[in-house]
Amino acid sequence: VRHQGVELRQGAIELLILKALSWGPVHGYAIARWIEQTTGDVLRLEEGSLYPALHRLEEKGWVEAAWGISENNRRAKYYSLTARGRRQLRAETAAWLRYAEAVTRVLRSGVQPA
Amino acid sequence: MVGEPRWRRYLRFWGTDVRRDVDDEVAFHLEMREREYEALGWSSDAARAEARRRFGDAAAVRAACYTIGERRLARWQRVAWRAAFGHDLRQAVRAWRRQPGLTAVVALTLGLGVGVNAVMFGAIDRLLLRPPAGVREPERVKRLHFTQTFSWAGRVTEASASYLDYDLLRGAGSVFDAVAAFAEGQTSLGLGATARPVRWTLATPEYFGLLGVHPALGRLPAPGDEAADGAVAVLGYGFWQRELGGDPHVLGRALTLAGKPFTVIGVAARGFTGVGTEPSDVWVPLRGAAREYWEGIGLPGDPGEDLYRTRSFVWLTILARWRPGIPLARADAEATVLFRRSLALDAERTRARRGPAGRSVAVGGVAGEEEVDPTAAVRLASIIPGRAQLGLGGDDAQRARVALWLVAMAGVVLLIACANVANLLLARSLSRRRELAVRLALGMSRGRLVWQLLVECFLLAAVGSVVAALFARLSGGVLRGMLLPEGSAGSLALDRRVLLVTLAVAGAAALLAGVVPALQASRPDVVEALKSGGAGVVGARGRLRRGLLVLQAALSVVLLVGAGLFLRSVRAATTQDMGYDPRTVLVATVNLSLAGYSDAAKRELYRTARERVSHLPGVVSASIGTAIPFRLSFSDRLIVPGRDSIPTTRDGGPYDSEVTPEYFTTLGTRILRGRGFTSADAFGAPRVAIVSETMARLLWPHDTPLGKCIKVRADTAPCSEIVGVAQDTHRQAIEPTPVMQYYLPLDQRQIDRTSYALFIRAAGDPMALIGPVRRTIQSLSSDLPYAHVVTLQSLIDPSTRSWRLGERMFGLFGALALVIAAVGVLGVMSYEVSRRTREIAVRLAVGAGRGDIFRLVIGDAARLTGAGLAIGALLAAGIARFVRPLLFQTSPHDPVVFGVVGVVLLVVGVVASVLPAHRATRVDPLSVMRAD
């Protein structure tokens, strides 16, 4: 998945989606908008790639979907976290932060390798 | 973002149309993006283009989503179906558990019917339908069948040929990839006290390559291999495991087979047991063991190169690997040309050598032909035994045909079982009318109801299969023992093929037995059923049930008549006078040629053996003879002064046997005129002979044969005076066939055969003497090969096998059918009684006696059975015509058989209805009336 911004790995997309759903049911477009706004357009992904990721999450049972009516009165598919999805989000967030902190610490380090 | 979970109102599970949902979702996204850009003042074209650009490859995204969605849907459907089926299954289990007795009877009936089929199929499959195990591309491997016309036997097709035929057929390289020949038989492994019998196959070098068999250990002989004609041996995997404990260092070990040492060079692949009629333990090169093979059969003298250069010895089965793309007819034609060339070559060579004292040897009734036969032909036959056998005449085809009859019979038993099960299910569905009506009234669809009833049937089939598998396990050994040739018992476990067939048959049976009741049950008149509580009008259904009962009885009659006809055949075959008493006589042979005995030494050993054995307790008398009924016959040139030629009979001859004086009393052959041999008929004494009745009649039709002269072998031989006439004996066939036989005193050595057998007459059970006799012979010398001691009856048995098989199987199936039919009568009559309770109550109320009621029910049962009997008898009489060729001296319309079967069936029908009839007499009119 590549765009002008930073490259995003499969796992990262799924994590972002889970996070986006943590406030309640939303549709795919809203997730795309949320990622765009929250990251200040740094992580610009091909929006289409969200959908296979969403469907995979649904298949895994972390996310469930239902058709609803959008804010502008259109039929849209809403996704929400399942209990398992929520647990997954917690676990992956922790793992991701640990990983990012470690990498950041290394990159910021002023000590030279022995 | 929606604050309010209003969407929940629209909650539905995954839409059924996966693709449309994905399309809608993607379209929604693109549209939202587009509107956003439009709101920013973009032109609608630019907005659309930008939305699409940001989205990426929409087609790929859709495709990915379709795949995921469809996968999910499929999985969900499976889960849902399983859940629904589980529900139906639980429902079915509950339904059956409400009537445990009925359920047991139904499952048992079905199980027995299916079980019989499974066993039958298993046996037939192994016997006839399956190509030999371990053969690569068995459909390309063909056995060659040879057709010839003989003056005395007409057109004959046989599976055996001579080495010369094989030699020439190898030239058919344009139609065959390879040609091989083999012979199989039994021989002795080791010598002396530890000697034991093994089955061996003599094979030409192409054998293993042609069949595509690989070694499990060591190597296998191949063309061009020096060892391929030498004294080497290949062990069967089973034999290696069983007899040698799977010894990994077996290669290079020497085995003494037929008295000759063979070096083990390999073990054949696991599962391969040869392509002959019986599994083989050891394979040896044909040229390396041919001499021992023929000595084992009792060939007098060394055949030398005649074995390979003439057609005097017809002993090989020829295999060919049919080349792909060659039409079968072309391969046949090519092989036929070579076969005729072989016949011509044989005639030429035989003529060139045959002098005035020409000598021909007939073994097993086969002799060379003099002229090239224009009808001679070769046909490529399958190596699947059933297919090959049907193309042959004689015993093989007979056995295959009997097996097919047995399959048909198993099918009939299944049919009876199905009729019974259908009947019981009908009764059950009638008693459940109320329940079913309620269900329909509550809005259950008819399809769903039928489905549930079918699930009940399949559950029944499943239980039935278990019963069937148990039955097959328990009875399989017995049944297969009757069907399969001895020694090939192999594994009795149900294999996958048989199991699949069982399941398929059970499923089909359940469907057959369940569909009618299910359809009927789904059509109850709701209002009627609810009102009358199930006691309403049942006319049509009652007729169906009674019809099924009649059908069962009729089919039972067919099976029982079959059993009776075979029983009569066996009786006729086993009680006829064979000219000797096979049941009390033992035959002992030990192959002394293998141990290198000279002829004089052989005679001496047999004499000593006769002497010792005749003193064993339980032995009446013992005698030596050169020919053995049903195994070995000899024929030679015979000159009768005053006659130009000797008439021939269909089976050839005249056959000779050199015997000791006790021979006739030992075998129980009566001397009709003149005298038997005595010890005075010794070497140097005047030559004497005894002829058979047929020989006497054919040679001297108007005169007494006593005192006449015959010359054995040559014109120049001195006269042998005929001193007695013996009754005819069966030489080779169960059917009485006229054949000329004569006997000569062994001591006078007029023909000097060098193959001997010891005959022993037992006072009591001959089986009990087998051990002592064998031990006595074996103890005579430490270098003796295995001594075979068998009853004379066991030599004859293979010839009566098909009748005995038919008797047992028809009997077994008939009994089974009878039991099932009896259960059917019981069930139907019980139901009739409970259905007619009101009628019976009324009858009682208006003055009928209990006896009248009893007679009413019994009479009804007798009528039904009688109808079945009549139909069955007609059916059996029609079918019996086709069984005629399988019977022995029994009319297919034997009145005794039909009469006995009729009585048996009527008795069973009446007895089975006693219980319901008794119950009918105990109906209490008052309580019945009040209940209404």
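In this predicted model, Glu206(B) turns up in the loop that runs between strand 5 (196-203) and helix 6 (207-211) of chain B. Despite being an acidic residue in a loop, Glu206(B) is buried, because its relative accessible area is just 12% and the cut-off for that label is under 20%. Its side chain has a polar partner: the side chain of Tyr166(B), at 2.9 Å. With neighbours within four places in sequence set aside, the residues in contact with Glu206(B) are Tyr166(B), Arg170(B), Val179(B), Ala180(B) and Pro223(B).

On to the aromatic rings. Searching the whole structure, over all chains, gives 26 aromatic pairs. One of them joins Tyr207(B) and Phe208(B): the ring centres are 5.1 Å apart and the planes stand at 90°, so this pair is edge-to-face. Both partners are out of the solvent's reach by the numbers, with Tyr207(B) buried at a relative accessible area of 0% and Phe208(B) buried at 5%. A second pair, Tyr606(B) with Tyr756(B), has its centres 5.5 Å apart and its planes at 50°, so it goes down as tilted. Here Tyr606(B) belongs to helix 18 (residues 599-614) of chain B, while Tyr756(B) sits in the loop between strand 22 (741-745) and strand 23 (757-762) of chain B, so the pair ties together parts that are 150 residues apart in sequence. Tyr606(B) and Tyr756(B) are both buried.

Back at Tyr207(B) and Phe208(B), the ring pairs carry on into a cluster, which also takes in Phe182(B), Phe272(B) and Trp283(B). Rings also meet charges in this model. In chain B, the charged end of Arg287(B) is placed over the ring of Tyr308(B), 3.8 Å from the centre. Chain A has a case too, with Arg75(A) over the face of Trp67(A) at 4.0 Å from the ring centre.

Next comes the interface between the two chains. Chain A puts 34 residues into the contact and chain B puts in 30. About 3,300 Å² is buried between chain B and chain A, and carbon and sulfur atoms account for 54% of that area. On the charged side, the count between the chains is eleven salt bridges. Among them is the one in which the side chains of Glu58(A) and Arg72(B) meet, with N to O at 2.8 Å. Polar contacts across the interface come to 16 residue pairs, both members at pLDDT 80 or more. On the chain B side, helix 1 (18-39), helix 2 (44-55) and helix 3 (58-97) each bring at least two residues to the surface that touches chain A. Helix 1 of chain B has the largest share of that side, twelve residues.

As for chain A itself, its secondary structure amounts to four helices and three strands. Along the sequence these elements follow the pattern α-β-α-α-β-β-α. Chain A has 114 residues, 42% of which count as buried. Taking the contacts in chain A between residues at least 6 apart in sequence, 51% join residues at least 24 apart.

How values were computed
Residues are numbered from 1 along each chain as its sequence is written. Chains are lettered from A and ligands numbered from 1 in the order in which they are written. This is a predicted model: local features need pLDDT of at least 70, side-chain atom pairs count only at pLDDT 80 or more; totals for chains, interfaces and linings use all residues. Side-chain values use heavy atoms; hydrogens and water are left out. Rings of Phe, Tyr and Trp (its six-membered ring) pair if their centres lie within 6.5 Å; planes under 30 degrees apart count as stacked, over 60 as edge-to-face and the rest as tilted. Buried means under 20% relative accessible area, exposed over 50%, partly exposed in between (1.4 Å probe, protein chains only). A charge sits over a ring if NZ of Lys or CZ of Arg is within 6 Å of the ring centre and within 35 degrees of the ring normal. Contact means heavy atoms within 4.5 Å. Buried area is the accessible area (1.4 Å probe) that two parts lose on being put together, summed over both. A salt bridge is a side-chain nitrogen of Lys or Arg within 4 Å of a carboxyl oxygen of Asp or Glu. A polar contact is a pair of N or O atoms within 3.5 Å; within protein, one must be able to donate a hydrogen and the other to accept it, and residues adjacent in sequence count only if both atoms are side-chain atoms.
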